Amino acid sequence: MRKVTVAAVQMKCCEDINKNIANAERLVRQAAGEGANVILLPELFERPYFCQERRYEYYPFAKTAEENDAVRHFAAIAKELSVVLPISFYEQSGNTMFNSVAVLDADGSNLGIYRKTHIPDDHYYQEKFYFTPGDTGFQVFDTLYGKIGIGICWDQWFPETARCLALKGAELILYPTAIGSEPILECDSMEHWRRCMQGHSASNIVPVAAANRIGEEAVTPSTENGGQSSSLKFYGSSFITDSTGAIVRSMGREQEGVILASFDLDEILKERRNWGLFRDRRPEMYGEIAGRS
């Protein structure tokens, strides 16, 4: 039996990077104290969601993994607590910038980086201004506590992300997230957002965890952002599914905190084989529609 306990952290982000890192550490320590082995923090938790507006002076936020404040800080925490920590950060690589996750193993070592594949460009989720589509391909990381696949926020809407991770051997799929209100579409996407990932979990027989931020973040008009005035209210609702897609732990829309769920990875492997979903795939039949709109 290979038992692993997964935690998702839900938190609010302010303008002060040091305060955000300290708050994240507090919640990571809480999760570890409750028995978590793998702890997921939200997307780009070091600061407010800067992609709400377009400002050239935000480009220097990007750093290499070796220079990034959160990655450096949590490498020591991962080692101290013997936990796995996927850390979302704005990455600089040469002249290119990515929305990335560094996966810190339980000894504090960086197992590698996944760069977000699908980059949104919508009202107030203006990520194409900041990020180049990832060039790593979908990545599965062999950690002390099992093989972990990572997708980042918008990746979670695409079934191909989860399928590719499962085919590469992911035993858990984790999605750090920053999502909330849709002021232009005037819809509440929360349930839709959850159901997408529940489906990925069910169709791949893999537990899924999503960690989101909370709170309202507003943009003040300025010359630098072309006079934009806007706000996003992030709706939290972080959750963990079992291997059938059922939500086994979840949070509300406004509170900070952690949720945990435990899984027997060997038992889930048997379940995955018994269902035959990977045995009965017909990839030679799928090519006829690949790439069509």
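This note covers a three-stranded sheet, the helix packed on it, and a second helix, α4, in a predicted model.

1. **Ground rules.** The model is predicted: local features need pLDDT of at least 70, side-chain atom pairs count only at pLDDT 80 or more, and totals for chains, interfaces and linings use all residues. Residues are numbered from 1 along each chain as its sequence is written, and side-chain values use heavy atoms, with hydrogens and water left out.

2. **The sheet.** Three strands make an open sheet in the order β3-β4-β5, with antiparallel pairing. β3 and β5 are the edge strands, each pairing on one side only. From one strand to the next, the twist averages 30°. Strands here are DSSP runs of E, at least two residues, and helices are runs of H or I, at least four residues, both numbered from the N terminus. Two strands pair if DSSP finds at least two bridges between them.

3. **β3 with β4.** Strand β3 (residues 85-93) pairs with β4 over nine bridges, antiparallel. One pairing to look at: I87 has A102 in β4 as its bridge partner. The hairpin has two residues between the strands, and G94 takes a positive phi near 65°.

4. **β4 with β5.** β5 (residues 110-115) runs antiparallel to β4, joined by four bridges. S100 has R115 in β5 as its bridge partner, and V101 stands opposite Y114 in β5. Five residues lie between the two strands of this hairpin. In its turn, G108 has a positive phi of about 90°.

5. **Burial of β4.** How many of the nine residues of strand β4 are buried? Eight of them are, so β4 (residues 96-104) is largely enclosed by the rest of the structure. Buried means under 20% relative accessible area, exposed over 50%, and partly exposed in between (1.4 Å probe, protein chains only).

6. **Helix on the sheet.** Helix α2 (residues 69-81) packs on the sheet and touches β3 and β4. Contact means heavy atoms within 4.5 Å. The direction of α2 makes about 155° with that of β3. Axes are lines fitted to C-alpha atoms, for helices over the stretch in contact; angles run from 0 to 180 degrees between N-to-C directions.

7. **Helix α4.** α4 (residues 190-204) has 15 residues and reaches 22 Å from its first C-alpha to its last, close to the 21 Å expected at 1.5 Å a residue. Its buried residues are M190, W193, R194, C196, M197, H200, S201 and N204. They cover an arc of only 155° around the axis, which puts them on the same side of α4. The arc is that of the directions from the helix axis to the C-beta atoms. Just after α4, I205 takes a positive phi of about 55°.

Definitions and conventions:
The expected span of a helix is 1.5 Å times one less than its number of residues.
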